[in-house]
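Please read the points below with the structure open beside them. They are meant for someone meeting it for the first time, and each point takes up one topic.

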Amino acid sequence: MARFSANRSHIIRRIRPRTMFICWTVAITALAMFFATPVSAQVAESGQGESSDGFECEFELYKNRIFVEAFVNEQGPYRFAVDNGASGIGRIDASLVEQLKLRKTGTTRNSDGVNSSEIDVVAVDALTFGGSTKENISLLSRDYNGNRQGKDRLDGIIGLEFFAGGTLEIDYPKNILRYKEQSTLSPEQDGVFSYQDWLELPITFENQKFQGTIDTGSSIPFHFPMKTLESLKTTEPVKRGIARRAYTEFQMWEATIQEPFRVGAVPIENCTVASSELAEHINIGTGFLKDYILTIDQPGKLISLRSPDSPHGDKR
């Protein structure tokens, strides 16, 4: 499984000149061999598991966002987020487009649900992640970073369409992504629900029921419409601060729901949620999902959220 390098500066120690020369010779040779190795081999050597019908790889959970290593046109690895809310196969940051001299093929309008802006469309020969490659694709591109630095920066986004042919399992507790090029869920299993256009799970209270939209690109556990929150038993909402979508800023509020509810089959009590006038539906982000295993079966249009100790298999 692919692993992100740890900082090992604490083990660096003084090396004698002759030993240092030998080490530099070995290192240069190793680098030359690495850059001469095809991407497929680099992926295999990085520890990402690949089979004829899918793959498995490790991800980094940073500030409640999923980050993986991806290759673009056989170069990389680059730091990509996994976001089911991003339409298409993926997105790519404008800085990487410039670095790789990718060809712009046009522009399109992109919306954050409130406002929109014109962004570029670029041609990519190959996008490789987890041992799977999508060839001859178009990716939307803009500046996704602004003033972000270090690990807050990203080179692109892997969208849900990348996994369109099969089942994606995000095992948050183990930091592992698993993909199978087949349907793996059954509507007869406990905790499995069908969805239509959006990835949704039922949110069930004693006297009310809503649909919650899964958003792996959001770090917020729950984002409720203000009107929905007002229909529930909660603490008095307090201002949380200003939040931002791609092109829109808005006021966020926070309150604790004082009645039990279920997300899919998962029971929840005394949950603190965010709320705004801007929200049109309940959003379920990685801030909540990170304690569970999320399975998205696109061929069957089925979805499941379960705790690590609740395997699938039981019939309803």
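1. Searching the whole structure, which is a predicted model, turns up 14 aromatic pairs. One aromatic cluster is made up of F205, F210, F222, F224, F261, F288 and Y292, and two of its members, F222 and F288, return in the next point.

2. The largest nonpolar core contains 59 residues, and within this core F129, F222, V263 and F288 are the ones with the most contacts. Apart from it lies another core, this one of six residues, which include F67, A81, A86 and Y144. As a general background, nonpolar side chains in soluble globular proteins tend to be buried together. If neighbours within four places in sequence are set aside, F288 is in contact with P221, F222, V263, V266, I268 and L305.

3. Two aromatic rings have a charged group placed over them. The charged end of R79 sits over the ring of F67, at 4.0 Å from the ring centre, and F67 is also one of the residues of the six-residue core. In the other case the charged end of K134 sits over the ring of F162, with 5.3 Å to the ring centre.

4. For the chain as a whole, the secondary structure amounts to five helices and 24 strands. The chain has 316 residues, of which 45% count as buried, and it exposes about 17200 Å², with carbon and sulfur atoms supplying 48% of that area. Taking the contacts between residues at least 6 apart in sequence, 65% of them join residues that are at least 24 apart.

5. Strand 6, residues 90–93, deserves a careful look, since both of its faces are covered: G90 and I92 on one side, and R91 and D93 on the other, are all buried. In a regular strand the side chains alternate between the two faces of the sheet. Strand 6 runs antiparallel to strand 10 (residues 156–158), to which three bridges join it, and in strand 10 the bridge partner of I92 is G156. With strand 9 (residues 132–142), strand 6 pairs in the parallel sense, again over three bridges, and there the bridge partner of D93 is R142.

6. Is N136, a residue of strand 9, buried or exposed? N136 counts as exposed because its relative accessible area is 66%, which lies over the 50% cut-off. N136 has a positive phi of about 50 degrees, although it is not a glycine. Leaving aside neighbours within four places in sequence, N136 is in contact with V124 and D125, and its C-alpha atom is separated by 7.1 Å from that of A123, a residue 13 places away along the chain.

7. Two backbone features are found around the start of strand 5 (residues 75–82). The peptide bond from G76 to P77 is cis, with omega near 10 degrees, and P77 belongs to strand 5. E74, in the loop between strand 4 (65–72) and strand 5, has a positive phi of about 65 degrees although it is not a glycine. E74 is classed as exposed because its relative accessible area comes to 61%.

Methods
Residues are numbered from 1 along each chain as its sequence is written. This is a predicted model: local features need pLDDT of at least 70, side-chain atom pairs count only at pLDDT 80 or more; totals for chains, interfaces and linings use all residues. Side-chain values use heavy atoms; hydrogens and water are left out. Rings of Phe, Tyr and Trp (its six-membered ring) pair if their centres lie within 6.5 Å; planes under 30 degrees apart count as stacked, over 60 as edge-to-face and the rest as tilted. A charge sits over a ring if NZ of Lys or CZ of Arg is within 6 Å of the ring centre and within 35 degrees of the ring normal. A nonpolar core is a set of buried Ala, Val, Leu, Ile, Met, Phe, Trp, Tyr and Cys residues joined through side-chain atoms within 4.5 Å. Buried means under 20% relative accessible area, exposed over 50%, partly exposed in between (1.4 Å probe, protein chains only). Contact means heavy atoms within 4.5 Å. Helices (H or I, at least four residues) and strands (E, at least two) are DSSP runs, numbered from the N terminus. Accessible areas come from the Shrake-Rupley method with a 1.4 Å probe; for residues, only the protein chains shown count as cover. Two strands pair if DSSP finds at least two bridges between them.
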